[in-house]
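Thanks for coming. I'll go through some side-chain contacts and a few backbone points, and I'll keep it short.

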Amino acid sequence: MPLSSSSTSSTKGIRRAVSELERSDSITVYLDCIAVLMRIWRCKALPSNTQRDIPKSPRFLGRRQSLIEDARKEREAATAAAEAAEASEQIVFEEDGGKALVNLFFTLTNSKTPALSRTLKVFETFEAKIQHLETRPCHKLQDSLEYFVRCEVHLSDVGTLISSIKRNAEDVKTTKEVKFHWFPKKIADLDKCHHLVTKFDPDMDQDHPGYTDPAYRQRRKMIGDIAFRYRHGQSIPRVEYTEEEIGTWREVYSTLRDLYITHACSEYLVALRLLERHCGYSPHNIPQLEDVSCFLKERTGFLLRPVAGLLSARDFLASLAFRVFQCTQYIRHSSSPMHSPEPDCVHELLGHVPMLADRTFAQFSQVSGRRHDLIFHADIYATLSLATCFSHQLYWFTVEYGLCKQNGEVRAYGAGLLSSYGELVHSLSDEPETRQFEPEAAAVQPYQDQTYQPVYFVSESFVDAKEKFREYVSGIKRPFSVKFDPYTSSVEVLDNPLKIQGGLEGLKDELKILTDALSVLS
Ligand SMILES: [Fe+2]
């Protein structure tokens with residue numbers, strides 16, 4: 001401890017503190033003494049002219065009778081300051097069995113070297129149990145750190161604790177725990193949902209067929225930039241595909257087209273014919289996203305928006321909730337026309353788009369996306385990864401790799417199957433295991449993203465899959481439900497009875513229209 005021999009009064013203070021410590025084995029007294037020792041040390045550490053300039057703090061009012069008395073005054077002063085602070089600002093905390101859980105933010109300047117130890121001593125003095133502590137550089141104050149502390153303290157000590165922290169730290173705030181992470185509420189919010197997973201990126205994945213081809217990587221980046229610049233409401237810019245790119249498309253399209261007749265579900269075949277007629281689907285042309293988006297909008301209300309690569313599950317599912325499908329625009333490497341480790345326009349346009357043109361399937365896709373509120377709920381209890389897996393695996397074994405029964409046969413409706421010749425053949429062969437679709441089982445089934453699936457789930461129909469999915473989700477506890485408003489393309493959180501009543505009014509109007517229509521028919 002840096003003590004100066006010239007400071008006799010302080011030295012006496014320390015001696016008194018040691019003497020008090022020797023006389024008492026009480027933890028409280030010990031902590032109080034430590035606080036006083038720290039205070040004396042702080043005064044000693046300052047230059048003499050600074051000491052003269054120190055304004056009289058309420059802590060130093062009155063004559064020091066003993067360290068115990070000082071500690072008592074300290075607590076009284078802090079209590080008074082806390083009461084004054086409470087009058088001007090509210091301290092936020094959660095109450096639990098006589099204890100308060102406090103989320104505390106404050107800033108400590110590095111120029112005040114002992115600030116951290118002093119602050120930690122405050123927590124010690126009030127016997128606050130620190131549950132979490134983290135720091136980050138402060139943007140507002142140079143050479144400073146911002147602290148976040150979550151601690152448990154006795155209910156009666158909250159105000160005094162905060163007040164004491166305020167005397168050591170800057171910018172002290174308490175806040176409620178952030179229980180819900182941000183999620184898009186209106187369709188334009190999707191402009192913020194373009195977080196990519198770089199797992200299969202050709203710039204980083206050595207196994208990507210384009211990893212050793214700088215020209216391919218440059219081309220992919222150029223097309224990806226369209227997506228980063230795109231904003232909701234704009235037309236999707238057209239890409240002039242090269243002969244090499246069209247050649248890759250042609251090879252896949254021609255091969256798969258023949259297989260669809262015997263392997264794809266009837267809804268897919270109907271939609272593909274329409275896309276060939278209206279959107280330029282052919283072996284010799286890569287359809288433009290803008291044309292396909294306009295077609296889907298008319299058929300099922302779905303829109304496309306360009307995306308630069310493999311999207312995070314959260315952003316992808318959030319987009320589906322708005323009937324928006326995030327769609328890549330670049331094509332796989334020409335050396336590997338039958339396989340791409342990441343989504344590309346072959347996967348999107350041949351795998352996903354035809355199914356999104358079917359009303360029942362489109363509804364199922366949106367329902368699975370809207371269930372992303374489960375993910376937000378799960379964040380609270382730190383089970384995000386588990387919940388994400390639940391949603392992700394359900395999506396995987398239906399929208400990506402789903403099979404369904406049709407006229408006594410099993411057919412494919414999953415995009416991962418319908419865009420991959422090898423896996424489409426494999427899925428309907430005798431090799432893999434097929435199980436009846438049950439959301440509880442599909443949600444925990446491990447999946448393969450490096451090779452063919454060993455297990456597929458077969459739905460009785462899309463309607464059956466949607467109903468089972470809804471039932472499964474309704475059994476999971478969550479703090480709120482959300483409702484999609486098609487008039488404003490926004491998601492409303494149904495967190496109070498008035499909002500639910502508003503939704504019921506809308507339903508009543510729609511029911512009235514349908515009842516009137518029935519009466520006209522009869
Ligand atoms: Fe996909």
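Let me start in the loop between β12 (481-485) and β13 (490-494), where serine 489 is found. Keep in mind throughout that this is a predicted model. Serine 489 is not a glycine, yet its phi is positive, at about 50 degrees. Most residues other than glycine have a negative phi. Is serine 489 out in solvent or not? The relative accessible area of serine 489 is 21%, so this residue counts as partly exposed. The cut-off for buried is under 20%.

There is another residue of this kind. Aspartate 143 has a phi near 55 degrees, again positive in a residue other than glycine. Aspartate 143 sits in the loop between β3 (129-137) and β4 (144-154). With 58% relative accessibility, aspartate 143 is classed as exposed, because the cut-off for exposed is over 50%.

Next, charges. How many salt bridges does a search of the whole structure find? The search gives 21. I'll show a few of them.

Take arginine 257 and glutamate 276, whose side chains form a salt bridge with an N to O distance of 2.7 Å. Arginine 257 belongs to helix α8 (residues 243-263) and glutamate 276 to helix α9 (residues 266-278), so this salt bridge ties together parts 19 residues apart in sequence. Both ends are partly exposed: arginine 257 has 22% relative accessibility, and glutamate 276 has 27%.

While we are on those helices, a word on how they pack. Two packed helices are described by the angle between their axes and the distance between the axes. For α8 and α9 the angle is about 140 degrees, and the axes are 10 Å apart. Which orientation class does that give α8 and α9? Roughly antiparallel would need an angle over 145 degrees, and α8 and α9 are therefore oblique to each other. The crossing of α8 past α9 is left-handed.

Back to salt bridges. Arginine 332 pairs with aspartate 344, and the closest N and O atoms are 2.8 Å apart. Both residues lie in the loop between β7 (324-328) and α12 (345-356), so here the salt bridge ties together parts that are 12 residues apart in sequence. Are these two residues buried or exposed? Arginine 332 is buried, at 5% relative accessibility. Aspartate 344 is buried as well, with a relative accessible area of 0%. Elsewhere, salt bridges with shared partners join Lys140, Asp171 and Lys173 into one network.

One more pair: lysine 186 and aspartate 189 meet through their side chains in a salt bridge, at 3.5 Å from N to O. The two ends sit in different surroundings by accessibility. Lysine 186 is partly exposed, at 46% relative accessible area, whereas aspartate 189 is buried, at 8%.

On to the rings. The count of aromatic pairs comes to 12. Tryptophan 249 and tyrosine 281 have ring centres 6.4 Å apart and ring planes at 75 degrees, so they make an edge-to-face pair. Tryptophan 249 is in helix α8, and tyrosine 281 is in the loop between α9 and α10 (289-300), so the pair links distant parts of the chain, 32 residues apart. Tryptophan 249 is buried, with a relative accessible area of 0%, and tyrosine 281 is buried at 2%.

The other ring pair I picked is phenylalanine 361 with tyrosine 413. Their ring centres are 5.8 Å apart and the planes stand at 70 degrees, so this pair is edge-to-face too. Phenylalanine 361 is in helix α13 (residues 359-370) and tyrosine 413 in the loop between β9 (409-412) and α16 (415-418), so the contact ties together parts 52 residues apart in sequence. Both phenylalanine 361 and tyrosine 413 are buried. As for groups of rings, Trp249, Tyr253 and Tyr281 are linked by ring pairs into a cluster.

Last, charges over rings. Lysine 185 has its charged end over the ring of phenylalanine 183, 4.2 Å from the ring's centre. Arginine 217 places its charged end over the ring of tyrosine 211, 5.6 Å from the centre.

To close, one place to look at again on the model is α8. This helix holds arginine 257, which bridges to glutamate 276 in α9, and also tryptophan 249, which pairs with tyrosine 281. That's what I have.

Technical notes. Residues are numbered from 1 along each chain as its sequence is written. This is a predicted model: local features need pLDDT of at least 70, side-chain atom pairs count only at pLDDT 80 or more; totals for chains, interfaces and linings use all residues. Side-chain values use heavy atoms; hydrogens and water are left out. A salt bridge is a side-chain nitrogen of Lys or Arg within 4 Å of a carboxyl oxygen of Asp or Glu. Buried means under 20% relative accessible area, exposed over 50%, partly exposed in between (1.4 Å probe, protein chains only). Helices (H or I, at least four residues) and strands (E, at least two) are DSSP runs, numbered from the N terminus. Rings of Phe, Tyr and Trp (its six-membered ring) pair if their centres lie within 6.5 Å; planes under 30 degrees apart count as stacked, over 60 as edge-to-face and the rest as tilted. A charge sits over a ring if NZ of Lys or CZ of Arg is within 6 Å of the ring centre and within 35 degrees of the ring normal. Axes are lines fitted to C-alpha atoms, for helices over the stretch in contact, and angles run from 0 to 180 degrees between N-to-C directions. Angles under 35 degrees count as roughly parallel, over 145 as roughly antiparallel, 65 to 115 as roughly perpendicular and the rest as oblique. A crossing is left-handed if the near helix is turned anticlockwise from the far one by less than a right angle, and right-handed if clockwise.
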